[in-house]
Amino acid sequence: MEAGRFMLKRTITSIILITVGILSIFVLPIWTFGAVVSLFIGLGLYEFFRLSGAKKIFPLSFLYIGILSGILLPHITYLYRPTGGIWEMVFFIFILITLFIIHFIRKESQNAVNLIAVTLFAIFYIGWFLTFLVKIRFLADGHKLVAYLLLVTKAGDIGAYLVGSNFGRHKLIPRISPNKSVEGAAGGFIFSIICALLSRYYISWMSFSFILISGVLIGVFAQLGDLAESLIKRDYEAKDSGVFLPGLGGMLDMIDSILFTAPVFYICLMIMM
């Protein structure tokens, strides 16, 4: 009975996310995609700071600055597309200086370096990395490229889960994630490559070599992204990152693999296309 409820929640949440994704990528005006990415970043950052606060209370000023900064990043990319890289650099410098100023006016100065480093890391890791989806969306055929990236990445997640839960025998890195197996990682990698190769019929202008290389890179970095979030949760002694997505865990649990594959795929596009 409990398993049935869990699967129902998982199915409903998945359908809602897929619907939102399809609408924002293919149907709604292009700016709405940036808004959706901003929403995901905001929820992901909230979960991250919530995990951080489990060990030590995270000051609200840093939480607000962190979440607001992450939410703004996709819009900076959208508004300043021709010179986005320059403005992103200016933005990060401004945020770092702002974090120092906040400490100057605080009554306490304990853990100053730790708080600044963790806040900046969260903005960089969640906000900036996920903003690469927006960068990809504004390329030629960007809607197809984003769909390709998400499909190949999530195919790896599904493959890792299916193969690992049914055939997993050898632990991958048990001190970081006791449930992940070598077989699951291999299954996820193979699923990503197969999905990439099948996608050539969807994006016909992509060469076979690009499809193969990008599929391999996405397959590898999707696994690394998943492990990276597992490492963070292990450090903060948490099972799930949050409860925003019933049946799927938290927002970070959903986007962890994309956080690594989005910038890698964008770099791949810049080099090879």
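**Lysine 135, salt bridges and helix packing**

Lysine 135 has a relative accessible area of 15%, so this residue counts as buried, the cut-off being under 20%. I start there, and I should say at once that what you see above is a predicted model. Lysine 135 sits in helix H5.

What does lysine 135 touch, leaving out residues up to four places away in sequence? The list is Thr77, Glu88 and Tyr266. Take the glutamate next. Lysine 135 and glutamate 88 form a salt bridge, and their closest N and O atoms are 2.7 Å apart. The two partners come from distant parts of the chain: glutamate 88 is in helix H4, residues 84-105, while lysine 135 is in H5, residues 112-137, and 47 residues separate them. Is glutamate 88 buried or exposed? Its relative accessibility is 4%, so glutamate 88 is buried, again because the cut-off is under 20%.

One further distance for this lysine. Between lysine 135 and alanine 262 the C-alpha to C-alpha distance is 9.3 Å, although the two residues are 127 apart in sequence.

Now the salt bridges more generally. How many salt bridges are there by the rule used here? The count is five. I have covered the one between lysine 135 and glutamate 88, and I will go through a network that links Glu229, Lys233 and Asp253.

In that network, lysine 233 meets glutamate 229 with an N to O distance of 3.7 Å. Both residues belong to helix H8, residues 208-235, and they are four residues apart, which is about one turn of the helix. Lysine 233 and glutamate 229 are both buried. Lysine 233 also pairs with aspartate 253, here at 2.9 Å, N to O. Aspartate 253 is in helix H9, residues 251-272, and lysine 233 is in H8, so this salt bridge ties together parts that lie 20 residues apart in sequence. Aspartate 253 is buried, as is lysine 233.

On to the chain as a whole. The protein chain has nine helices and two strands. Reading from the N terminus, the order of elements is α-α-α-α-α-α-β-β-α-α-α. The chain has 273 residues, and 46% of them count as buried. Of the contacts with a separation of 6 or more, 73% are between residues 24 or more positions apart.

Next, three helix pairs.

The pair H3 and H5 involves the helix that carries lysine 135. H3 covers residues 60-79; its axis and that of H5 are 9 Å apart, at an angle of about 25 degrees. Why are H3 and H5 called roughly parallel? Angles under 35 degrees count as roughly parallel, and therefore this pair does. The crossing of H3 and H5 is right-handed. On the H3 side the contact consists of Phe62, Gly66, Ser69, Gly70, Leu73, Pro74 and Thr77, and on the H5 side of Leu115, Ile116, Thr119, Ile123, Gly127, Trp128, Thr131, Val134 and Lys135. Sorted by class, that contact has eight nonpolar, seven polar and one charged residues.

H6, residues 142-167, and H8 form the next pair, with axes that come within 9 Å and cross at roughly 50 degrees. With that angle, H6 is oblique to H8. Here too the crossing is right-handed, H6 passing H8. H6 contributes Tyr148, Leu149, Val152, Thr153, Gly156 and Ala160, and H8 contributes Ile211, Ser214, Gly215, Ile218, Ala222 and Gln223. This contact of H6 with H8 has seven nonpolar and five polar residues, and no charged ones.

Finally, H5 and H6. Their axes come within 7 Å, crossing at roughly 140 degrees. From H5, Leu133, Ile136 and Arg137 meet Gly142, His143, Leu145, Val146, Leu149 and Leu150 from H6. By class, the contact of H5 with H6 has six nonpolar, two polar and one charged residues.

To go back to the start: lysine 135 is buried, has its salt bridge with glutamate 88, and is one of the H5 residues in the contact with H3. That is all I have.

Methods
Residues are numbered from 1 along each chain as its sequence is written. This is a predicted model: local features need pLDDT of at least 70, side-chain atom pairs count only at pLDDT 80 or more; totals for chains, interfaces and linings use all residues. Side-chain values use heavy atoms; hydrogens and water are left out. A salt bridge is a side-chain nitrogen of Lys or Arg within 4 Å of a carboxyl oxygen of Asp or Glu. Buried means under 20% relative accessible area, exposed over 50%, partly exposed in between (1.4 Å probe, protein chains only). Axes are lines fitted to C-alpha atoms, for helices over the stretch in contact, and angles run from 0 to 180 degrees between N-to-C directions. Angles under 35 degrees count as roughly parallel, over 145 as roughly antiparallel, 65 to 115 as roughly perpendicular and the rest as oblique. A crossing is left-handed if the near helix is turned anticlockwise from the far one by less than a right angle, and right-handed if clockwise. Contact means heavy atoms within 4.5 Å. Ala, Val, Leu, Ile, Met, Phe, Trp, Tyr, Cys and Pro count as nonpolar, Asp, Glu, Lys and Arg as charged, and the others, Gly among them, as polar.
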